[in-house]
Amino acid sequence: MLTQLSEGRLSISLSKAGEVVGILHGLFCTGVTAFKQRLPSFSESEKMELPAWQGAVSWKEMQERLVQNNQGKPLSEQECMKTLEMIAKKKTERITSHDFRVMILLRNDENVAARLQEVTQNFSGSKPRIVMSYRWKGPLSAMLQALSKEKVVDADALIWVDVLFNPQSFDALDGDAVVGITRKTYTDKDAKIHFLYISDDETMQEIMKRGWIVLEVASRMASDLPMVRLLDPHNKAAQWYLQHKDVSGRSPLDFFNSMETWDPADKARIQKEIVRVFGSAEQFNRTATVSFIAAGGKQLLEVRHAEKNYADLLRESAPLSALLKEEGKFRDMRDVCELQLHAAQQEHAHDHLELARSHFELADALDSLSQYDAAMEHAVKSRDMRQRLLGAGDHAEVAQSLNMIGNVHDDKGEQSMALNSLKEALRMREAVFGHEHKDVAASLSNIGLVYRALGDNKEALEKHEQALAIR
């Protein structure tokens with residue numbers, strides 16, 4: 001929720017899939033005068049070139065704006081008010097998000113304010129559960145259409161615009177306050193979903209230069225919430241990912257220095273916040289790079305799934321799952337693993353090592369989310385399938401599944417059962433790899449953790465020392 005004029009923010013939650021119930025909480029709030037005073041002044045000739053919301057507007061200018069959206073047809077004051085009601089009820093395809101900025105500024109027009117109050121009955125005042133990053137560009141109807149395709153079910157649907165999310169008075173809304181709003185909004189535990197909307201007429205490069213947007217996306221990635229999801233009708237992020245998938249956190253893009261803001265002073269504010277939250281520009285660049293790589297990669301998998309291109313999905317899912325695990329984004333890892341498992345089931349009608357691996361990776365994600373029963377189900381399936389396929393004897397893949405089963409038992413507090421599985425995994429790994437191998441060290445360390453949970457500190461210490469000697 002930011003006052004940047006080159007970028008917009010929406011917060012949304014849906015009462016049922018594909019339906020937005022209300023728009024623009026508090027759209028016609030008082031106190032817009034202070035906000036208007038922060039905007040630049042410009043000549044009449046410049047007004048023709050700049051979006052109308054970049055300065056104070058009159059009712060006449062609003063009418064002109066609505067006429068433009070009505071394909072040049074004249075509109076009376078009554079028709080203009082009806083158009084505003086259509087905006088509130090989302091029944092127009094021609095009003096852009098810029099028009100909302102105009103409407104906000106119109107609230108300071110005393111001759112119009114009373115009429116506008118009639119429209120506010122269509123707006124909800126509930127707290128949003130979904131936040132959205134996007135630029136003030138393109139028709140709002142396109143965004144709503146993209147949202148309607150998302151299977152989002154949530155209560156008290158709402159769209160908020162920009163400065164209106166600010167709980168303070170407009171007089172107090174300075175740049176530092178905006179940073180604070182960003183911090184709370186995009187990492188608040190109630191904001192269950194964060195969308196990034198990419199319109200038809202902008203590129204990923206344009207999106208990735210917007211300072212506020214990159215800050216929001218990276219902050220979300222650094223939190224314990226799911227990462228950003230994309231509203232990207234033309235799959236631009238997936239295409240970008242295919243061109244940049246070899247970029248990683250080890251060779252990050254320089255978001256810190258290349259970012260742009262409409263207000264030059266905001267770049268310094270954002271950079272200050274970055275250093276405060278991330279500790280350094282380098283760590284921020286790494287997190288932002290991983291954010292866009294992961295978001296683009298996840299979208300690519302969804303495209304592959306929609307195309308029923310299961311072979312490519314399986315090939316491309318493994319590195320993304322590993323990246324998300326490394327970043328601690330286990331909800332997103334679970335989503336990827338579920339796509340992977342479905343693809344493996346479509347590709348392989350019967351037992352297959354790729355199908356067993358998909359069960360294992362989903363078990364790993366579910367265990368990290370404390371969904372232990374579901375994790376155990378998939379871990380056991382991976383073990384049983386691998387045993388059937390590989391036959392009798394010792395196998396690294398079977399040992400991996402046994403290790404997972406032991407870990408899940410341990411997480412459930414079933415330490416005795418955990419030890420049985422973990423010791424069998426250790427025996428099998430020693431038989432396959434010998435005694436000096438990282439997987440053997442991992443098994444020893446896991447067994448040590450179980451002994452520690454049982455209160456046997458002597459045995460726990462011995463196992464950890466054995467593991468450290470190998471590593």
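Reader: Is Ile 213 buried or exposed?
Author: Happy to start there, with the reminder that this is a predicted model. Ile 213 is found in helix H10. Its relative accessibility is 0%, and buried means under 20%. Ile 213 therefore counts as buried.

Reader: How far apart in space are Ile 213 and Thr 261, C-alpha to C-alpha?
Author: In sequence, 48 residues separate Ile 213 from Thr 261. In space, the distance between their C-alpha atoms is 9.8 Å.

Reader: How are H10 and H14 oriented to each other: roughly parallel or roughly perpendicular?
Author: Helix H10 covers residues 211–222 and helix H14 covers residues 281–306, and their axes lie 9 Å apart. The packing angle is about 90 degrees, and angles of 65 to 115 degrees count as roughly perpendicular. H10 and H14 are therefore roughly perpendicular.

Reader: How many nonpolar, polar and charged residues are in the contact of H10 with H14?
Author: On the H10 side, the residues are Val 214, Leu 215, Val 217, Ala 218, Met 221 and Ala 222. They meet Phe 284, Thr 287, Ala 288, Val 290, Ser 291, Phe 292 and Ala 294 in H14. Sorted by type, the residues of this contact are 11 nonpolar, 2 polar and no charged.

Reader: Which helix gives the most to the largest nonpolar core?
Author: That core has 63 residues, and those with the most contacts inside it are Leu 196, Ile 274, Phe 284 and Phe 292. With 10 residues, the helix that gives the most to this core is H14.

Reader: Which residues is Phe 292 in contact with, leaving aside its neighbours within four places in sequence?
Author: Phe 292 is among the residues with the most contacts inside the largest nonpolar core, and it belongs to the H14 side of the contact with H10. Two of its partners, Val 214 and Val 217, are in H10. The full list for Phe 292 is Leu 196, Met 204, Ile 207, Met 208, Val 214, Val 217, Trp 240 and Phe 255.

Reader: How many residues does the second, separate core have?
Author: This core includes Val 440, Ala 441, Ile 447 and Ala 467. Its total is 12 residues.

Reader: Which helices do the buried residues of H18 pack against?
Author: Helix H18 runs over residues 372–390 and reaches 26 Å from its first C-alpha to its last, close to the expected 27 Å. Its buried residues are Ala 375, Met 376, His 378, Ala 379, Ser 382, Met 385 and Arg 386. They pack against H16, H17 and H19.

Reader: What phi does Gly 391 take?
Author: Gly 391 comes just after H18. Its phi is positive, at about 80 degrees.

Reader: Is Asn 235 exposed or partly exposed?
Author: Asn 235 is found in the loop between strand E5 and helix H11. Although it is not a glycine, Asn 235 has a positive phi of about 55 degrees. Its relative accessibility is 26%, so Asn 235 counts as partly exposed.

Reader: And is Lys 308 buried or exposed?
Author: Lys 308 is in the loop between H14 and helix H15. Not a glycine either, Lys 308 has a positive phi of about 60 degrees. Its relative accessible area is 61%, and the cut-off for exposed is over 50%. Lys 308 is therefore exposed.

Reader: What percentage of the residues in the protein are buried?
Author: The secondary structure comes to 22 helices and 5 strands. Of the 471 residues in the protein, the buried ones make up 53%.

Definitions and conventions: Residues numbered from 1 in each chain as written. Predicted model: local features only at pLDDT ≥ 70, side-chain atom pairs only at ≥ 80, totals over all residues. Heavy atoms only, no water. Helix = DSSP H or I, 4+ residues; strand = E, 2+ residues; numbered from the N terminus. Expected span 1.5 Å × (residues − 1). Buried < 20%, exposed > 50% of the residue type's maximum accessible area, 1.4 Å probe, protein only. Contact = heavy atoms within 4.5 Å. Axes fitted to C-alpha atoms, helices over the stretch in contact; angles between N-to-C directions. Parallel < 35°, antiparallel > 145°, perpendicular 65-115°, else oblique. Nonpolar A, V, L, I, M, F, W, Y, C, P; charged D, E, K, R; others polar. Core = buried A, V, L, I, M, F, W, Y, C linked by side-chain atoms within 4.5 Å.
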